[in-house]
Amino acid sequence: MLRVTVLGAGAWGTTFGRVMADAGNEVTMWAKEPDIVADIQDNHRNSSRLPSVDTLPDTMTATGDRKSAVENAQIIVIAIAAQFARVALQEFQAFIPQDAIVVSLMKGIERNTGKRMDMVVREALQLPQARFAAVSGPNLSKEVADRKPTATVIASASLDAARTVAQACTTNYFKAYTSQDVVGLELCGSLKNVVALAVGMCRGAGYGENTVATVETCGLAEMSALGRAQGAVAATFSGLAGVGDMVATCGSPLSRNYAFGYNLGKGRSVEEATKLSNGVAEGVPTTDAMLALAKKLNVETPLATAVSHVLNDGISCADMLAELLGTTQSFGTTQSSDTTQR
Ligand SMILES: NC(=O)C1=CN([C@@H]2O[C@H](COP(=O)(O)OP(=O)(O)OC[C@H]3O[C@@H](n4cnc5c(N)ncnc54)[C@H](OP(=O)(O)O)[C@@H]3O)[C@@H](O)[C@H]2O)C=CC1
Ligand SMILES: O=C(CO)COP(=O)(O)O
């Protein structure tokens, strides 16, 4: 049994905390919202962020106090919306125990710096890479909360740290594998959200399997190309964190990014889709961050570029697809002049 703290009592933060409680650990949830803290403490529920779970385990408690939340933790899980993580974490830095492993659930690229969450967390907490781990895989929170079988990947530079976290979150319905490819895992988790926006748009606009499969293949090619440019392991992108998570996210209205894109595909504006979103669609701020990263790495990303034109210029799904398919990208690599048949 380990002492675990989860920072952020959102849908996945609460669900993952429950997984760790089911795995036999003591879990403290930290939330900035007093009502959420009280709901978990007094009612053993998180009715606003995880309404599908009637009762959380007695071994899950909650607090709004930053120091007491983390001062005795052996594992600290970060489940804060990615764009707010750096500022939020700086308020915990002084209280983090020197031997705690810090685990990020976040799937996003920091918009104003282009940094991955492993970079943001390690900078904000002044954390050595051996004490950082990231979690990513086909983990739609409601299905995990329903204890439906799935798996995930825990990546850390330290295999011991990855194994510790994997053991602490493995149950009879949630299997954690380990990896040392933190870069690849972070890129998979964050960039698949951009693809999910595009796929959701296609579904909302009434396109079929061919179009969706084409968009997903483009997306995977761009993710993999960015991964190669940053020294990631190619196999990560064809595994659970890559193809696995893309299949789940692009295949379900439970995905906030898919649902956001679906609303755009129905002709709603970004503002309207944001109002309708049930939680944070991380792919929206990550899209421009992905473009900035691609420019820095000299990687062509026609799909992410077309999605950015949807988000920033309001182009339609039909125009997004015309822009994408009018490019000269060949699948599997990204070259500006290749006219090879796809
Ligand atoms: N939902 C899912 O199915 C999955 C989500 N993820 C990833 O996990 C991460 C967390 O998502 P999820 O748990 O669903 O969270 P939600 O999208 O439900 O909510 C965002 C979380 O961030 C918190 N937050 C927002 N702004 C701040 C801030 N300024 N300071 C502190 N906390 C803040 C929210 O707190 P509050 O509620 O008090 O506003 C909430 O806990 C995301 O990066 C997401 O991509 C990964 C896999 C699955
Ligand atoms: O990452 C997820 C599933 O693995 C959840 O996706 P959304 O953030 O789009 O809901």
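**Exercise 1. Contacts of ligand 2**

Task: Find which protein atoms lie by the oxygen atoms of ligand 2, and name the closest residues around ligand 2.

Solution.
- Step 1. Start with the backbone. A polar backbone atom of N139 is 3.0 Å from an oxygen atom of ligand 2. The model is predicted, so this distance is a computed one.
- Step 2. Go on to the side chains. K192 places a polar side-chain atom 2.7 Å from an oxygen atom of ligand 2. For R256, an N or O atom in the side chain is 2.6 Å from an oxygen atom of ligand 2.
- Step 3. Apply the cut-off. A polar contact needs a pair of N or O atoms within 3.5 Å.
- Step 4. Widen the view. Ligand 2 is surrounded by 13 residues. The closest are K192, D245, S255, R256 and N257.

**Exercise 2. The setting of M246**

Task: Place M246 in the secondary structure, decide whether M246 is buried or exposed, and list its contacts beyond four places in sequence.

Solution.
- Step 1. Locate the residue. M246 sits in helix α11, which covers residues 240-250.
- Step 2. Check accessibility. The relative accessibility of M246 is 5%. Buried means under 20%. M246 therefore counts as buried.
- Step 3. List the contacts. With neighbours within four places in sequence set aside, M246 touches K192, V195, E216, G219, L220, M223 and G251.
- Step 4. Link back to Exercise 1. K192, a contact of M246, is also among the closest residues to ligand 2.
- Step 5. Compare sequence and space. V310 is 64 residues from M246 in sequence, and their C-alpha atoms are 20 Å apart.

**Exercise 3. A loop asparagine**

Task: Work out where N25 lies and which backbone atoms its side chain meets.

Solution.
- Step 1. Locate the residue. N25 is in the loop between α1 (11-22) and β2 (26-30).
- Step 2. Check accessibility. N25 counts as buried because its relative accessibility is 5%.
- Step 3. Trace the side chain. One polar atom pair joins the N25 side chain to the backbone nitrogen of L2, at 2.9 Å. Another links the N25 side chain to the backbone oxygen of M20, also at 2.9 Å.
- Step 4. Add the other contacts. Residues up to four places away are not counted; N25 then touches M1, L2, V4, M20, T59 and A168.

**Exercise 4. The second largest pocket**

Task: Describe the volume and lining of the second largest pocket.

Solution.
- Step 1. Take the volume. The second largest pocket holds about 230 Å³ of space.
- Step 2. Find its centre. Among its 13 lining residues, T274, G279, V280, A281 and P285 are closest to the centre.
- Step 3. Sort the lining. Eight residues are nonpolar, four are polar and one is charged.

Notes:
Residues are numbered from 1 along each chain as its sequence is written. Chains are lettered from A and ligands numbered from 1 in the order in which they are written. This is a predicted model: local features need pLDDT of at least 70, side-chain atom pairs count only at pLDDT 80 or more; totals for chains, interfaces and linings use all residues. Side-chain values use heavy atoms; hydrogens and water are left out. On a 1 Å grid over the protein atoms alone, a cavity is a set of points where a 1.4 Å probe fits but cannot get out, and a pocket is an open set with protein on both sides within 12 Å along at least five of seven lines; lining residues have an atom within 4 Å of a point. Grid points are joined across faces, edges and corners, and a volume is the space filled by probe spheres set on the points. Ala, Val, Leu, Ile, Met, Phe, Trp, Tyr, Cys and Pro count as nonpolar, Asp, Glu, Lys and Arg as charged, and the others, Gly among them, as polar. Helices (H or I, at least four residues) and strands (E, at least two) are DSSP runs, numbered from the N terminus. Buried means under 20% relative accessible area, exposed over 50%, partly exposed in between (1.4 Å probe, protein chains only). A polar contact is a pair of N or O atoms within 3.5 Å; within protein, one must be able to donate a hydrogen and the other to accept it, and residues adjacent in sequence count only if both atoms are side-chain atoms. Contact means heavy atoms within 4.5 Å. A residue is near a molecule or strand if one of its heavy atoms lies within 4 Å of it.
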